[in-house]
Amino acid sequence: METEIDDPKFTRRMFNTGATAAGLSFIMTACGPKRLYEAPQALLRQRIQEMEEQYKENLDVNVKVSDAQPIPGVQFAYALDLSRCIGCRRCVYACVDENNQSRDPQIHWIKVFSMDKEKGVDFTNADPYYHPETVPEDGHFYIPVACQQCENPPCVKVCPTGATWKEKDGIVVIDYDWCIGCRYCMAACPYGARHFNWTTPSIPKEQINTNTHYLGNRPRPQGVVEKCTFCIQRTRAGRYPACVEVCPVGARKFGNLLDRNSEIRYIIEHKRVLVLKEELNTVPKFFYFYAT
Amino acid sequence: MRLFLITLASASLALMGADSTAPVAKKDTLPSTAPKPAERLEVPPPPFSDGIFPCSTCHANQKPNRTRRELAFHTEIDLKHDEEHRWCLDCHDADNRDTLHLASGEPVPFEESYRLCGQCHGEKLRDWKAGVHGRRTGNWNGAKGYLLCAHCHNPHQPHFKALAPKPAPRPPQRVLNQQAPK
Amino acid sequence: MPHENAGNTTQNTAETLRLISGFARGRLTLIRRGNRSYGIWLAFLGVLIVSGILAWSGQVRHGLGLTAMRDQVSWGFYIGNFTFLVGVAAAAVVLVIPAYVYDWKPIREIVIYGELLAICAITMCLMFVTVDIGRPDRFWHLIPPLGHLNFPSSILAWDVVVLNLYFLVNLIVASHILYRAFHGKHYMKHVVVPLVLLSIPMAVGIHTVTAFLYNGLAARPYWNSSILAPQFIASAFCSGPAILLVVFQVLRKFTSFEIKDEAIHKIAELMAYAMFLNLFLHGAEAFKEFYSNTEHLLYTRYWYLGLGGHHTLVPYAWAAVFLNVLAFALFIVPSWRRRWVLLNIGCLATYAGVYIEKGMGLIIPGLTPDTLGEIYEYYPTITELRVAAGIFAVGFLLFTLMLKVAVPITLGEFRGKEKMAVADGSAGVPALAGH
């Protein structure tokens, strides 16, 4: 009524309540959950503990999530010997097992392309669905492709929420709890390296790898993007990625670019090395070479 | 005058020669941490067939026959390794079957068989020592694990047999399997 | 004295609140009035909306796997519609430019309808984006300070900012004009004119930013061409007005809405020029691809001619070309665009042609073949069609309701009972009887 609206105390009370509410909600959201990019160590540990508890609850598995930070003085790089790869796809499935990729629907971080030796590296005539009795097939060579961990990653440039970024050791990572699934990064990647969880990923319980990293192979939810992380859970602990270890012909090499004595430096300095789509200036850290 | 010019010329040549001791082309050197050729590398035991070693068990009592021929024993070995020009005793030492021998005659133990392979496959030996040829396992920042050539390559039939590839990826489907309501 | 001033402030606040609530109540009344066809139209839209909601809830539960999008073609029908609708939203400016920049009076009164259309179009854009992302529950990650917006690096972040700003500008202007008209006052020029003039570069801005979304991706040669931004503007300037021309004719028939024939013909003429530019830019693109004959030709070839036995989109490509050329012809010849039948055919042809070439005709060829040469032929599933239909129904519903409110108010047929204070000196218009 007239008295209520005219009463100065009424408007002042309304204003005060409104201001307090706004202030409180701002404080709550500012202190609330944000992306893991800038999470301080203590908060990170707490979030990881929550992750482990949730995995126990939802998957009924004791998943260990590591928060290993980049090793100083390390820039990871990968080299793949095109004169040796026989297209056996053991790397593809070793990666699937190591990195908890969904079995159904099927997600593969590594895709192997069969190419014609006469045409050379030519993706318009490449076939990732080859299935001969035995490999290698006559007149064909094979190129496995996964995330190139670019130095100028176009995916990082376009992510609207900053859910993907390049770590200090060169690995491009994704915060699975921050990604909104807009798939702009998938449009931006020139190498088809990013994959989307079109529905809830499913892995048989006994096949879940419980040694995980919070930015790497921990089980992902529906609706987020994932990709190769150079087996961050292994490489930050000094080990080779799973694909390097399983390759039966030794076509895969991995190491620290900043170590003058590493295999990677030896390859770059002594072998014929190429990168894919060089003209796009993404500066990949995945090198293809010919050892012979 | 002529003496002066000759001295000048030889001095310049000597200096140019001295210059060539400066930076060596990178291609000729191994990474500094790679073991020197004479050093023996730590490798797992050679992949002998069961019961075949030591060879001297049988061969100590036999007279070496250096004539190239088809053998009565070791018939399971089908030599397909430059068999046009080489045969068994070009690698296996005729006098002591428990070792191999280089082209110079110098004996090498089976644990250093890479030196024998390296005689013909020198660039592969160089790459192998750098860790670039062959499978890598273990730590990228730790001690390197080496395997012998023979661990992957059968020295009598080194050509890799074709493998059956693992299944091809499923092409993208319009209907995902998980369409059924949970 | 301080006490009196405080009293005045509260009095003014109370007055404003009363006027606003009167406006709100008035609007509700207007919306509820209507004849049989109005009711049937609303019911039809309601059915589509319910169907869309049901389809979307299935998508939220089971994931985007219910669409036909896969890793190889990771954007599809939803984003295609989004792109087309941003163009429609930008097209309100086609009316604004002649009205305010060239001070062409016959169009001035109808600018507000362009703005209402822009509001509906942006609403639909925001809905299409929401249904397309994998985690709609995480939408707030885009809103600072709750979330983190990767501005200025990500063009999507720019799009979020400019689309919402443009939405706000149009909402403020339209609400202000209607609110003032409802209470019998003319809108405040110093509020409206600057905002309307601002909306011109903003309209160009929103569509340029949307074009840059695609343009900046070096991984997609079909999109990575400088021609994309101008071409977006050209196609936008035909498609938006096409809808409005039809709407104006409908309003003219069923209400006492008046619009001069010459205004409609002028808009059609402007659309002809925009369509010419659109066709020219497409032609330039086609020339560059086919003549230079590099590997980049693959994508254009897939769209117009098919590739390796895959021909799903070819009929759509040529349909779009035919429709666009037809529309251009119908609008460029003055005697043809003055004939109502031909004009309306032209409008439909423009709308359909641009819808095809800017919706699916932009997204799918950009992603097919994919970056590693694979061809996955995408066409939408029933879920996608249902959700899209639902969103379009929401947009049409909003536009219908807005027109239901705006037309009577701007025609002066509907006024609020509350009188506005005559502080600015202009006379109030007495309320009409009958309400």
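**Exercise 1.** Leaving aside its neighbours within four places in sequence, with which residues is L116(C) in contact? Place the residue in its core.

*Solution.* The structure is a predicted model, and the contacts follow from C-beta atoms that lie within 7 Å. Once neighbours within four places in sequence are set aside, L116(C) is in contact with A174(C), F399(C), M402(C), L403(C) and A406(C). The next step is the largest nonpolar core, which has 210 residues and in which L116(C) is listed with A89(C), L117(C) and C125(C) as having the most contacts inside it. Helix α6 of chain C, residues 111-132, gives the most to this core, namely 16 residues. Another core, of 7 residues, lies apart from it and includes L100(B), C117(B), L148(B) and C149(B).

**Exercise 2.** Describe the side of chain C that touches chain A.

*Solution.* Begin with the counts: 42 residues of chain C are in contact with 46 residues of chain A. On the chain C side, the elements that give two or more residues are α1 (2-32) and α7 (155-182). By class, that side divides into 19 nonpolar, 15 polar and 8 charged residues.

**Exercise 3.** Why is strand β12 of chain A largely enclosed by the rest of the structure, and which strands pair with it?

*Solution.* Strand β12(A), residues 286-290, has 4 of its 5 residues buried, so it is largely enclosed by the rest of the structure. Strand β2 of chain A (residues 76-81) runs parallel to β12(A) and is joined to it by 4 bridges, with F289(A) as the bridge partner of D81(A). Strand β11 of chain A (residues 272-274) pairs with β12(A) in the antiparallel sense over 3 bridges, and here R272(A) stands opposite Y290(A).

Note on methods. Residues are numbered from 1 along each chain as its sequence is written. Chains are lettered from A and ligands numbered from 1 in the order in which they are written. This is a predicted model: local features need pLDDT of at least 70, side-chain atom pairs count only at pLDDT 80 or more; totals for chains, interfaces and linings use all residues. Two residues are in contact if their C-beta atoms, placed from the backbone, lie within 7 Å. Ala, Val, Leu, Ile, Met, Phe, Trp, Tyr, Cys and Pro count as nonpolar, Asp, Glu, Lys and Arg as charged, and the others, Gly among them, as polar. A nonpolar core is a set of buried Ala, Val, Leu, Ile, Met, Phe, Trp, Tyr and Cys residues joined through C-beta atoms within 7 Å. A residue is buried if 20 or more other C-beta atoms lie within 10 Å of its own, exposed if 12 or fewer, and partly exposed in between; C-beta atoms are placed from the backbone. Two strands pair if DSSP finds at least two bridges between them.
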